[in-house]
Amino acid sequence: MTPAASKLYTDDVSLLMVLIDTNPFFWNSIKSTLSFSKFISNVLAFLNSILLLNQLNQVVLIATGYNSCDYIFDSSASQNQNQRAESLLQKLEEFVEKDESLCREDSVDAPGFSLLSGSLSMALCYIQKVFRSGPLHPRPRILCLHGSPDGPGQYVAIMNAIFSAQRSMVPVDSCILGAQHSAFLQQASYITGGVYLKPQLLDGLFQYLSTVFATDLHSRSFLQLPKPVGVDFRASCFCHKNTIDMGYICSVCLSIFCKHQKKCSTCGSVFGQSQAQDSSTPDRKRKTSVDK
Amino acid sequence: MFCIGAAAAAAAATLPSPSLSFLLEWNGSVAGDGSWLGGDAHLPLSILPLVNGTAVSFLYPSPSLSLSSLCEWRRACRDDSRRSGNRPELRSPLQRRTDAVASPQNQIPIPKLKPAGKERGAEEGDEASTGNTRRIRSGAIQRRVISLLRSKYFTVKNRISVSWSVDGVEVLVRKFGIGVSNMLRQETNGEERRLNRDEEDEEEENDRGRDAWERTYADERSWESLQEDESGLLRPIDNKTLYHAQYRRRLRTATSARIQKGLIRYLYVVIDLSRAATEIDYKPNRMVVVARQVEAFIREFFDQNPLSQIGLLTLKDGVAHCLTELGGSPESHIKALMGKLVCSGDASLQNGLDLVHSLLNQIPSYGHREVLILYSALSTCDPGDIMETIQKCKSSKIRCSVIGLSAELYICKYLCQETGGSYSVSLDEPHLKELVLEHAPPPPAIAEFAIANLIKMGFPQRAAEGVISICSCHKEAKVGGGYTCPRCKARVCELPTECCICGLTLVSSPHLARSYHHLFPITPFDDVAPSVSSDPHKVPKNCFGCQQSLLAPGNLPGLSVTCPKCKQHFCLDCDIYIHESLHNCPGCESFKHSESQ
Ligand SMILES: [Zn+2]
Ligand SMILES: [Zn+2]
Ligand SMILES: [Zn+2]
Ligand SMILES: [Zn+2]
Ligand SMILES: [Zn+2]
Ligand SMILES: [Zn+2]
């Protein structure tokens, strides 16, 4: 950042971390409704409009790939204002190629999820750097443009990232491009106070982006933004990584299992008694709220 | 004549940090002729004057200027203000003193001074005019400097040396490597002896006036984060590497002792509301302070122990009252507590423990039973043998911890020792807060204390906003929010709770997930050896996490750490953030092959 800008940061200066999903399997699956190139041109227009909204706004683009994640674009680092798009596209292309080369043969058959936990963690590290830069900094937020299904194996990592974002008061906005809702991002937006949106028509993506996600955090309170259509609070079990709505919890470490176990695979505790104490006796008094 | 040469130049050479930042209070504390500062010392001192208790942004511009000139300037200011009643103007001290190193760039900037306090200024002025300047508050100044030195060095554990000279006889007190408080004691003793000769009653007066406001500054220690640079200006101290080293030590001890945590806790907080709680040594009184800390504690506790429950008990009039039963809703506890803040009578530890014992005996075997007692009284008024009660608690595996507000009590100490709890006595409100919050994170699980068990739980979904439905807990129609029990599809308002239709324990999975970083800690990062980091091909230019340049100024390789799993390099700030808040390695999360573990 130039010192000449004299850091006139008011509360409407934003740092927008955009995480775009570059999972080739996902983009292949929705080729007919929205092609990747069309998506990118929408995103480019959106990023440009963010930068035009306020001279001090800052935009960072991180690609969430299938095998890796990387920084693609940082408006504070790019010198040449005129060739923003060119440098971005070139970097993105390099990234996609590299990401593809890391692909292993055997993993192709799966529907494939992208590494959202990685890009979220990177974005949070970047935001911490901005926080460290001094008392005057743009207000950060994260926008996930995500389409791939949730990777159950990332559950713990994503939850960790969500709580860290909540602690630093960074809202995580999510815009779902795929067919299904994302339970992870629903929770992320709900917990951090961000906006969760699943556009009906992907043709008008830019419309959605500019009307819902372009406003700075200060102005948000004056807008009627989409309300969450319910949040999926289901967890995934540690044993099979299935998403479950009922399960067994180890009382020592709170690991979640879908079936009754003899021994906790996480902490090694041996479960003494049967599930007699599973607190499912319907007739007990509610007030005591304790067993026996 | 009274002189203080702090960290004399000779000694400074042997100090770990050669530059010594100084903070002096200027208003009403400076001896008239400035000789006490040691006229010719070219000390690398920075001076941050406090005027009327407020730090003004006035930095002593150069280390080469002698302190005495500054002192003289201060006197000039005071004289001027007395004469004209105006805001003091700066008159260059350099014109007055010949021994000062005079150079044009050493002009002292005009500080924005608030007008000095009326009575104080006048009083000083009188002394100055009678020529009685030498004896003015020398002891007070000395003590003040000591307290400043102390507050600066107390935490850093630096070695300092201080030399005093009284009436021209120099007493050099030099202590290396001992605690500051030790040294201080010796010095103040000596000082008092000497001061007996020219005792003045105003001395005491001044002393009393000092404590109240100065302590608040000593507490904040705002000057500790300042450091002097080459040109003598103050800038934020660069203790990044120091912090990092401390953090690494913490990390190592934390990971080496990886222990199971008691994550499901049943805790009773016992609050002493006896007469002793009306004492006003804590402001406004102990009861209010304790209530405030308990409120903060309850919120923090539920944040860190989502499936745990708290109950509140009070001790007054010799008996124990149950304020709230065990429950998981912070708001209801806080409401109950704030409505019942009246103290009277005596406290009875035994009655409290008996009540807790009977209540905690009902909880499920997998839960950890704990009591936290906030005890103000210095005695306990018991109906029977408290030792028996303590043994009873011990056999029921109730972990009892006590935080005292007044003084250490043997019976409390004994109770904590017997039951495996911790005993501490708080010094003041911040300390009390610290002590109370220490009980928020889950304690190490003692295997025999609770039996591991599997608990059946449901993870309800949150309904869409704006949906109207009847909740099963309040039997009311409610708009929006609400959660649906996965087993019987009943609607409940809050989590965590139990379904009142089918009895299933309902939690939201984020509640559970808050503690998962205890289960899957990330490995500590390794330091990058200097030999490796000097090779520019091996170390990437930027931190993998935040893109910060890993190069130190001048394109030299800077400090960095590397993740032993993914081999990515991180800056020190990211290292701390990743291990203390994020609990994810961005590198490991960004590569598919590490997913399998
Ligand atoms: Zn399973
Ligand atoms: Zn376990
Ligand atoms: Zn209700
Ligand atoms: Zn139910
Ligand atoms: Zn970094
Ligand atoms: Zn790693």
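Which residues coordinate the zinc ion (ligand 1)? A:Cys237, A:Cys239, A:His240 and A:Cys258 do so, at 2.0 to 2.3 Å. This is a predicted model. The points below cover three zinc sites, one helix contact between chains A and B, and the overall make-up of chain B.

**Zinc ion (ligand 1), chain A**

- Three cysteines give their SG atoms: A:Cys237, A:Cys239 and A:Cys258. A:His240 binds through ND1.
- The 4 donor atoms make angles of 95 to 134°. The site of ligand 1 is tetrahedral.
- Along the chain, the donors of ligand 1 are spaced C-x1-C-H-x17-C.
- A:His240 sits in the loop between β7 (235-236) and β8 (243-244) of chain A. A:Cys258 sits in the segment after β10 (256-257) of chain A. The two are 18 residues apart, and the pair links distant parts of the chain.
- A:His240 has a relative accessibility of 41%, so it counts as partly exposed.

**Zinc ion (ligand 4), chain B**

- Four SG atoms coordinate this ion: those of B:Cys485, B:Cys488, B:Cys499 and B:Cys502. They lie at 2.2 to 2.3 Å.
- Angles among the 4 donor atoms run from 97 to 120°, and the site is tetrahedral.
- The donor spacing for ligand 4 is C-x2-C-x10-C-x2-C.
- B:Cys488 is in the loop between β20 (483-484) and β21 (491-492) of chain B. B:Cys499 is in the loop between β22 (497-498) and β23 (505-506) of chain B. This pair links parts of the chain 11 residues apart.
- Are these two cysteines buried or partly exposed? B:Cys488 is partly exposed, because its relative accessible area is 28%. B:Cys499 is buried, because its value is 3%.

**Zinc ion (ligand 6), chain B**

- The protein donors are the SG atoms of B:Cys563, B:Cys566, B:Cys585 and B:Cys588. They lie 2.2 to 2.3 Å from the ion.
- Why is the arrangement around ligand 6 tetrahedral? The 4 donor atoms subtend angles of 103 to 115°, and four donors count as tetrahedral if all angles lie between 85 and 135 degrees.
- The donors of ligand 6 follow the spacing C-x2-C-x18-C-x2-C.
- B:Cys566 lies in the loop between β27 (561-562) and β28 (569-570) of chain B, and B:Cys588 lies in helix α18 (residues 586-589) of chain B, so the pair ties together parts 22 residues apart in sequence.
- B:Cys566 is buried, because its relative accessibility is 14%. B:Cys588 is also buried, at 12%.

**Helix contact between chains A and B**

- Helix α5 (residues 155-167) of chain A meets helix α17 (residues 572-582) of chain B. Their axes come within 10 Å and cross at roughly 100°.
- The two helices, α5(A) and α17(B), are therefore roughly perpendicular to each other.
- On the α5(A) side, the contact residues are A:Asn160, A:Ala161, A:Ser164 and A:Arg167. On the α17(B) side, they are B:Tyr577, B:Ser581 and B:Leu582.
- How do the contact residues divide? There are 3 nonpolar, 3 polar and 1 charged.

**Chain B overall**

- Chain B holds 18 helices and 28 strands.
- Of its 597 residues, 52% are buried.
- Take the contacts in chain B between residues at least 6 apart in sequence: 65% of them join residues at least 24 apart.

Terms used:
Residues are numbered from 1 along each chain as its sequence is written. Chains are lettered from A and ligands numbered from 1 in the order in which they are written. This is a predicted model: local features need pLDDT of at least 70, side-chain atom pairs count only at pLDDT 80 or more; totals for chains, interfaces and linings use all residues. Side-chain values use heavy atoms; hydrogens and water are left out. Donors are N, O and S atoms within 2.8 Å of the metal (3.2 Å for Na, K and Ca); water is not among the atoms, so sites may look incomplete. Four donors count as tetrahedral if all angles lie between 85 and 135 degrees; four count as square planar and six as octahedral if opposite donors are over 155 degrees apart and all others between 65 and 115; anything else is irregular. Helices (H or I, at least four residues) and strands (E, at least two) are DSSP runs, numbered from the N terminus. Buried means under 20% relative accessible area, exposed over 50%, partly exposed in between (1.4 Å probe, protein chains only). Axes are lines fitted to C-alpha atoms, for helices over the stretch in contact, and angles run from 0 to 180 degrees between N-to-C directions. Angles under 35 degrees count as roughly parallel, over 145 as roughly antiparallel, 65 to 115 as roughly perpendicular and the rest as oblique. Contact means heavy atoms within 4.5 Å. Ala, Val, Leu, Ile, Met, Phe, Trp, Tyr, Cys and Pro count as nonpolar, Asp, Glu, Lys and Arg as charged, and the others, Gly among them, as polar.
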